[in-house]
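Subject: A structure for you to look at

Hello,

Here is the structure I promised to pass on. Please have a look at it first, and then read my notes below.

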Amino acid sequence: MSPFWQHCADPHAPALVKGPGNAVDYGQLHAAADTFAAALPHRSLVFIRSGNNAETVAAYLGCLRHGHVCLLISRDLGADMLTRLADTYQPDYIYGPGEDGAYRLEKREGSPLPLHPDLAVLLSTSGSTGSPKLVRLTAANLQANAAAIAEYLQLTPQERPVTNLPFYYSYGLSILNSHLLAGAALLLTEESIISPAFWQLCDSCGATSMAGVPYTYDMLEAVGFRRRNMPALRSMTQAGGHMSREMVETYAAWAQERGIRFYVMYGQTEATARMSYLPPHLAAQHPDSIGIAIPGGSFSIDAADGSAEGELVYRGPNVCMGYAETRADLALGDVNGGVLHTGDVAVCGADGLYRITGRLKRFLKIAGNRFSLDELDAHFHRRGIEAVCGGTDGKLLVAITDAAQKAAAAAYLKDTWHLMRTQFKVMVVERIPRSATGKVLYRELFG
């Protein structure tokens with residue numbers, strides 16, 4: 001099968017649909033991608049300030065089709081964070097919207113340091129937070145994961161997924177990649193699912209699938225989604241963090257009644273996107289399971305004491321080459337060898353299904369974005385706020401010692417990290433408990 005960035009079985013078939021009678025076909029999309037790449041005189045590192053629009057898709061595919069390296073970041077990333085990334089990685093170009101909204105290619109000074117010949121795409125480990133720690137992905141990683149996803153989701157050219165997740169997020173990008181591979185048409189939108197315009201697009205263009213993180217499903221409940229009539233809907237997917245058992249049971253039962261396939265999935269950016277899926281017919285009986293490895297991948301449990309519970313290890317062709325934290329790291333080769341230690345603790349049942357039971361590392365997911373708690377601590381420290389972060393998926397807890405800084409800490413989370421008030425809590429404590437060696441006692445602090 002040809003790579004998804006080259007796949008064009010029917011150049012006149014719609015690829016990107018913006019509304020009824022408003023579509024970009026595959027031939028037009030590939031032509032736009034080639035036009036974008038023609039402006040790059042040599043193999044370049046390009047920052048793409050992405051939106052869910054045709055400009056972003058064309059630039060992304062142009063880089064893949066012509067061997068350039070791109071970093072997908074949020075179009076709305078703050079200027080200070082964009083500057084930090086640019087100073088760290090020294091891109092040759094930044095592509096994004098100007099003040100008038102039109103996308104333009106900005107030439108930068110670049111760097112003489114080389115790019116590894118297999119390097120294709122860079123993604124932040126922390127979604128929209130502008131973390132300088134990046135995942136280094138190859139074209140082979142992208143193709144392998146797209147093919148595996150297209151296989152287990154049974155994707156066909158008749159699919160019409162709605163793009164409610166951003167393309168700079170590995171889950172959203174995997175939807176783009178897998179459906180382009182299938183020759184399907186993506187319903188492009190930047191509207192929120194609480195917007196009437198979002199549902200007008202779904203209804204008028206016959207959305208066949210929807211994807212969401214746990215917070216997406218909370219919003220779907222808030223807008224009465226399960227009471228809507230969507231006759232074209234064939235499947236729904238969930239990833240981006242642990243969803244409550246009750247919500248999985250609710251959607252598994254609802255989907256089964258309507259003949260809709262509901263997939264619970266598990267993945268990490270380091271594995272391009274997906275590592276496992278729970279077959280839809282098992283969702284109602286196993287709502288706390290991440291299922292089985294995707295086609296071409298496998299799991300094992302790394303338990304030093306020989307117990308059944310231990311770190312979940314994934315092996316597959318979609319595992320990234322490694323991380324980057326400096327421009328020089330972009331010349332590094334594959335340090336993972338197709339093996340990813342996930343940092344999640346898991347068990348495998350007698351039925352062969354895997355279940356996550358905990359984490360080894362300090363990070364959590366909110367609305368699909370992964371937040372490094374240590375990194376957030378450092379951000380607060382740079383702002384002169386003594387803070388320690390903790391919490392669980394969906395809820396960030398921030399402990400501070402100065403009550404006078406509570407409002408500033410909350411405003412920082414809201415304005416800089418784009419967190420909603422329901423997604424975090426700032427706690428004022430008398431002191432940060434520490435061990436004799438100075439380590440924070442997180443259990444004592446957060447319970």
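Which residues is E159 in contact with, leaving aside its neighbours within four places in sequence? They are Q154, H179, A184, A185, T208 and R234, where contact means heavy atoms within 4.5 Å.

Before I go on, a word on the basis of these notes. This is a predicted model, so local features need pLDDT of at least 70 and side-chain atom pairs count only at pLDDT 80 or more, while totals for chains, interfaces and linings use all residues. Residues are numbered from 1 along each chain as its sequence is written, and side-chain values use heavy atoms, with hydrogens and water left out.

Back to E159. The residue sits in the loop between helix 4 (139-152) and helix 5; helices (H or I, at least four residues) and strands (E, at least two) are DSSP runs, numbered from the N terminus. E159 counts as buried because its relative accessibility is 3%. Buried means under 20% relative accessible area, exposed over 50%, and partly exposed in between (1.4 Å probe, protein chains only). The C-alpha atoms of E159 and G368 are separated by 23 Å, with the two positions 209 residues apart along the chain.

Now to the sheets. One open sheet has seven strands in the order 6-5-3-4-7-8-17, with mixed pairing; two strands pair if DSSP finds at least two bridges between them. Strand 6 (103-107) and strand 17 (322-324) stand at the edges with a single partner strand each, so one side of each has no neighbour in the sheet. From one strand to the next, the twist averages 25°. Strand 3 (residues 45-50) and strand 4 (residues 69-74) run parallel and are joined by six bridges, and S50 stands opposite S74 of strand 4.

Two helices lie across strands of this sheet. Helix 2 (residues 54-66) lies across strands 3, 4, 5, 6 and 7 and runs at about 160° to strand 3. Helix 3 (residues 79-89) lies across strands 3, 4, 8 and 17, at about 165° to strand 3. For these angles, axes are lines fitted to C-alpha atoms, for helices over the stretch in contact, and angles run from 0 to 180 degrees between N-to-C directions.

Helix 2 also meets helix 5 (residues 170-182): their axes come within 13 Å and cross at roughly 70°. The two are therefore roughly perpendicular (65 to 115 degrees; under 35 is roughly parallel, over 145 roughly antiparallel and the rest oblique). V57, Y60 and L61 of helix 2 make the contact with L173, L176, N177 and L180 of helix 5.

V57 is worth finding in the viewer. At 1% relative accessibility, V57 counts as buried. Not counting residues up to four places away in sequence, V57 touches L16, L29, F167 and L176. The C-alpha atoms of V57 and L16 are separated by 9.1 Å, and the two are 41 residues apart along the chain.

Finally, a second open sheet has three strands in the order 22-23-24, again with mixed pairing. Its edge strands, strand 22 (387-392) and strand 24 (424-428), each pair on one side only. Strand 22 and strand 23 (residues 395-400) run antiparallel, with six bridges between them; in strand 23, K395 is the bridge partner of T392. Helix 9 (residues 373-382) lies across strands 22 and 23, at about 150° to strand 22, and helix 10 (residues 406-415) lies across strands 23 and 24, at about 160° to strand 24.

Best wishes
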